[in-house]
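Let's take a walk through this model together. Have the viewer open and follow along as we go from the overall picture to some individual residues.

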Amino acid sequence: MNTNVSIVEVGTRRYRVRTGLAGSSKTPAIDFRATSHNPPGESKAKHGKSERISLNIPRQVHKYIIGPRGSTLDKLRQESRAKITVPPERSRSDVVEIEGLLDERQKAEELITQIVANNMAKVPYTHFISLPLLDIDVQRKVGEFQRDAQRILQNVDSSSFVHPGSLHITLGMLRLLSPADVTRAVEFLRSLAKDIAELVSTKPLLVSVGQLAAMEAASQARTIYAHADDFDNSGRLRRLCAFVRDKFDSAGYIDEKRELKIHVSVVRAKPASSPVNDEDDLPKKGSRGFSVNAVPLLKEFGTMSFGVCRVGQIQIARRFRHAENGAYENDGALSLL
């Protein structure tokens, strides 16, 4: 299937929007079109005929189409003059139906597209591109450090300490809102296999993990991380990370514009009994702005080395989903071995 993809700029973020209205010079329509409900043989270009179409729009953004007490949906209906039906939340359906004349349907679709683009940043990330660090010795040393760190860092929740089994390098956060989105992302990763093999070569990709630092000022730290560097100083790790991120960014999968920082988070400070935060996203409500004085910790453990780890996979990992050993579950991976 030939799918055109446009990148919609909204503020400082970008969104991957698949074109639905061929030849339109207006804001691209989302390629969520499921089906037309017209009787067989009816012309879709006929302006005098009311017709009905279905759009597959992720249910995570339906509430923005509806608006407070239905106000946004009412406005959409008034401006487009089309009948727009959003399924009830309990149905777990993605299908939004539009009924009306051709220009009414196009107007409704255009307005809905803009609402989706404007509000997509409010939908939580679902996945991330990960280089998991699965070396048992590295995980053991990180666990030992975290136990020592708990006596220095006070008033933090136990969930502040990243599970050693989930250690990883994040290349980018992803918002994959349907099984089809997940499949496309995995297929895209695997399409890079040949280029990645050339970057990595046949030598094992060995990464040294250590040298602690704070993401912010050490006296007001929220994230404490270990540096991750090529063990052989070949630069392959940075080239690999930059290549994969750039490719996903160009394809519209990554909507964050912050610079790639290759690191391994070991502590994400959260106050006692706060909601669990994950990966390298912004802190959630309850932990936003919370920080710790990491100066004593870094003074004692800043030069610590956790050892060398062989990186064997790139994964499309799921947020908040862990296996029994603490590792993130994933929906697909590309082997580097």
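## A walk through the model

Start with a cysteine: Cys309 is buried, with a relative accessibility of 0%. Cys241 also comes out buried, again at 0% relative accessibility. A disulfide, in general, is a covalent bond between the sulfur atoms of two cysteines. How many disulfides does the structure hold? The count is zero.

Now zoom out. What you are looking at is a predicted model, and the protein chain in it has eight helices and 14 strands. Of its 337 residues, 48% are buried. The accessible surface of the chain comes to about 17100 Å², with 49% of that belonging to carbon and sulfur atoms. As for how the chain meets itself, take the contacts with a separation of 6 or more: residues 24 or more positions apart account for 70% of them.

Before going into detail, check the confidence. The mean pLDDT of the protein chain is 85, and 81% of the residues score at least 70. Among the elements, strand β7 (residues 127-132) has the highest mean pLDDT, 98, while strand β1 (residues 5-10) has the lowest, 48. Two stretches also deserve a flag. Over residues 41-46 the pLDDT stays under 50, and the model has eight contacts for them beyond four places in sequence. Residues 281-287 are below 50 as well, with 15 contacts in the model beyond near neighbours in sequence. Where pLDDT is low, the predicted coordinates should not be read in detail.

Next, the aromatics. A search of the whole structure turns up six aromatic pairs. One of them is formed by Phe145 and Phe301, and the geometry is edge-to-face: the centres are 5.5 Å apart and the planes make an angle of 75°. This pair links distant parts of the chain, since Phe145 sits in helix α4 (residues 136-149) and Phe301 in helix α8 (residues 295-301), 156 residues apart. Are the two rings' residues buried or exposed? Phe145 is buried, with a relative accessible area of 0%, and Phe301 counts as buried at 9%. Phe306 joins in too: Phe145, Phe301 and Phe306 form one aromatic cluster.

Move on to strand β9 (residues 206-214), where you will find Gln211. Its backbone is worth a look: Gln211 has a positive phi of about 60° although it is not a glycine. Most residues other than glycine have a negative phi. Gln211 is partly exposed, with a relative accessible area of 42%.

Strand β10 (residues 223-230) comes next, and Thr223 belongs to it. Why does Thr223 count as buried? Because its relative accessibility is 15%, and the cut-off for buried is under 20%. Setting aside neighbours within four places in sequence, Thr223 is in contact with Ala213, Ala214, Met215 and Glu216, and also with Ser265, Val267 and Arg268.

In the loop between β10 and α7 you meet Asn233. Here is another positive phi on a residue that is not a glycine, this time about 55°. Asn233 is exposed, with a relative accessible area of 71%.

That loop brings you to helix α7, which covers residues 236-250. The helix has 15 residues and spans 21 Å from its first C-alpha to its last, close to the 21 Å expected at 1.5 Å a residue. Which residues of α7 are buried? They are Arg236, Leu237, Leu240, Cys241, Phe243, Val244, Arg245 and Phe248. So the list includes two arginines as well as Cys241, the cysteine that came up earlier with 0% relative accessibility. Just after α7, Gly252 takes a positive phi of about 90°.

The last stop is the loop between α7 and β11 (263-268), where Glu256 lies. Buried or exposed? With a relative accessible area of 9%, Glu256 is buried. Its C-alpha atom is separated by 9.3 Å from that of Leu174, although Glu256 and Leu174 are 82 residues apart along the chain.

Definitions and conventions. Residues numbered from 1 in each chain as written. Predicted model: local features only at pLDDT ≥ 70, side-chain atom pairs only at ≥ 80, totals over all residues. Heavy atoms only, no water. Helix = DSSP H or I, 4+ residues; strand = E, 2+ residues; numbered from the N terminus. Expected span 1.5 Å × (residues − 1). Buried < 20%, exposed > 50% of the residue type's maximum accessible area, 1.4 Å probe, protein only. Contact = heavy atoms within 4.5 Å. Disulfide = S-S within 2.5 Å. Areas by Shrake-Rupley, 256 points an atom, 1.4 Å probe, with all protein chains shown as cover. pLDDT = per-residue confidence, 0-100. Phe/Tyr/Trp six-rings, centres within 6.5 Å; stacked < 30°, edge-to-face > 60°.
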